[in-house]
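Please open the model in your viewer and keep the sequence panel beside it, since this tour moves from one selection to the next. At each stop, make the selection first and then read on.

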Amino acid sequence: MPRPYLQPVYGQGALRPYLRPGCAPATCSLRPCDLLPATCDLSMAEYPELNFCPQCGGPLQDREAYGRVRRYCPACDRIIFRDPKVAAAVLVEKEGRVLLIRRAFGPAKGRWSLPAGFVEYDEDPATTAIRECREETGLEVRLTGLLDIIPGEGPPAEASFTVVYRGEVVGGTLRAGDDARSAEFFPPDELPPLAFASTRRVLERWREEAGV
Ligand SMILES: [Zn+2]
């Protein structure tokens with residue numbers, strides 16, 4: 001369900017921010033919102049539509065282009081495409097157990113997920129998966145294959161899609177870090193509360209393969 005300050009405006013179910021009274025477009029596009037810090041909890045994956053051109057700073061308009069309504073800068077005569085938010089994750093197995101991290105921050109704070117994070121705009125998702133695993137668990141992994149590509153379920157708070165690899169530990173010491181409160185290996189029949197639909201989907205598949 002859309003949150004009160006997001007409403008479906010564009011085609012294909014995309015959401016765009018509804019500006020509350022007193023919330024200026026300039027501040028609404030910033031993260032974190034410094035005007036409504038108590039109520040504005042848009043996650044990175046919910047990053048709202050741009051209101052100003054990233055090239056010239058001029059105000060953007062809506063325009064029908066390539067099959068849907070998109071943001072458009074009349075000064076630059078440029079369509080501003082909204083790109084998907086991509087995450088990468090790694091399923092690391094050791095002696096029949098899977099490596100999970102407990103999230104220290106929202107979204108899904110306190111729940112468990114695969115080591116994962118958002119792909120930097122100029123980064124290979126495989127590099128992201130290895131980097132995030134190192135930052136969150138202290139373990140060095142070698143990727144052994146591509147497991148799945150999982151579409152997100154939209155806001156709140158998931159990536160548009162997650163590239164999931166398999167990996168094996170090749171070094172390091174298990175120690176939670178970065179945005180992980182703890183990092184542990186779990187057997188397939190004793191999984192903790194899971195964070196995201198993508199986490200559940202990957203682990204369901206892993207449990208099926210493990211025959212649990
Ligand atoms: Zn412009």
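Begin by colouring this predicted model by pLDDT. Among the elements of the protein, strand 1, at residues 6-8, has the lowest mean pLDDT, 38, whereas helix 2 has the highest, 95. Select residues 1-22, where the pLDDT is below 50 and where the model nevertheless has 31 contacts beyond near neighbours in sequence. Then select residues 24-46, over which pLDDT also stays under 50, and for which there are 40 contacts beyond four places in sequence. Where pLDDT is low, the predicted coordinates should not be read in detail. Over the protein as a whole, pLDDT averages 77, and 74% of the residues score at least 70.

Now show the whole chain as a cartoon.

The protein has 212 residues, of which 25% count as buried, and its secondary structure comprises 3 helices and 12 strands. Of the contacts between residues at least 6 apart in sequence, 56% join residues at least 24 apart.

Next, select helix 2, residues 125-137. How far apart should the ends of its 13 residues be, at 1.5 Å a residue? The expected span is 18 Å, and the end C-alpha atoms of helix 2 are indeed 18 Å apart, so the two values agree. Show the side chains of P125, T128, A129, I130, E132, C133, E136 and T137, which are the buried residues of this helix. If you then bring back the surroundings, the elements covering these buried residues include strand 6, strand 7, strand 9 (116-118), strand 10, strand 11 and strand 12. Step past the end of the helix to G138, which comes just after helix 2 and takes a positive phi of about 80 degrees.

From here, move to the largest nonpolar core, which has 30 residues, and select A89 and V90, the members that touch the most other members. Elements that each supply at least two residues of this core are strand 6 (86-94), strand 7 (97-103), helix 2, strand 10 (139-151), strand 11 (161-172), strand 12 (180-186) and helix 3 (197-210). Strand 6 gives the most, with 6 residues. Keep A89 selected and display what surrounds it: leaving aside neighbours within four places in sequence, A89 is in contact with L114, P115, A116, A129, T162 and V164. One of these, A129, was also among the buried residues of helix 2.

Now turn to the open sheet of 3 strands, whose order is 3-4-5 and whose pairing is antiparallel. Strand 3 and strand 5 (78-80) stand at the edges, and because each has a single partner strand, one side of each is left without a neighbour in the sheet. Looking across the sheet, you will find that the twist averages 55 degrees from one strand to the next.

Zoom in on strand 3, residues 61-65, and strand 4, residues 68-73, which run antiparallel and are joined by 5 bridges. Which residue of strand 4 does A65 stand opposite? A65 faces R68, and E64 stands opposite V69.

At the turn of this hairpin, which has 2 residues between the strands, select Y66. Y66 has a positive phi of about 50 degrees although it is not a glycine, and its place is in the loop between strand 3 and strand 4. Is Y66 buried or exposed? With 7 C-beta neighbours inside 10 Å, Y66 counts as exposed, because a residue with 12 or fewer such neighbours falls in that class.

Follow the chain on to D77, in the loop between strand 4 and strand 5. D77 likewise has a positive phi of about 50 degrees although it is not a glycine, and D77 is exposed, with 7 other C-beta atoms within 10 Å.

For the last stop, select E204, which is found in helix 3. E204 is partly exposed, with 13 other C-beta atoms within 10 Å. Add P188 to the selection and draw a distance between the two C-alpha atoms: E204 and P188 are 16 residues apart in sequence, and 9.0 Å apart in space.

Technical notes. Residues are numbered from 1 along each chain as its sequence is written. Helices (H or I, at least four residues) and strands (E, at least two) are DSSP runs, numbered from the N terminus. A residue is buried if 20 or more other C-beta atoms lie within 10 Å of its own, exposed if 12 or fewer, and partly exposed in between; C-beta atoms are placed from the backbone. Two residues are in contact if their C-beta atoms, placed from the backbone, lie within 7 Å. Two strands pair if DSSP finds at least two bridges between them. A nonpolar core is a set of buried Ala, Val, Leu, Ile, Met, Phe, Trp, Tyr and Cys residues joined through C-beta atoms within 7 Å. Axes are lines fitted to C-alpha atoms, for helices over the stretch in contact, and angles run from 0 to 180 degrees between N-to-C directions. pLDDT is the predictor's confidence in each residue, from 0 to 100. The expected span of a helix is 1.5 Å times one less than its number of residues.
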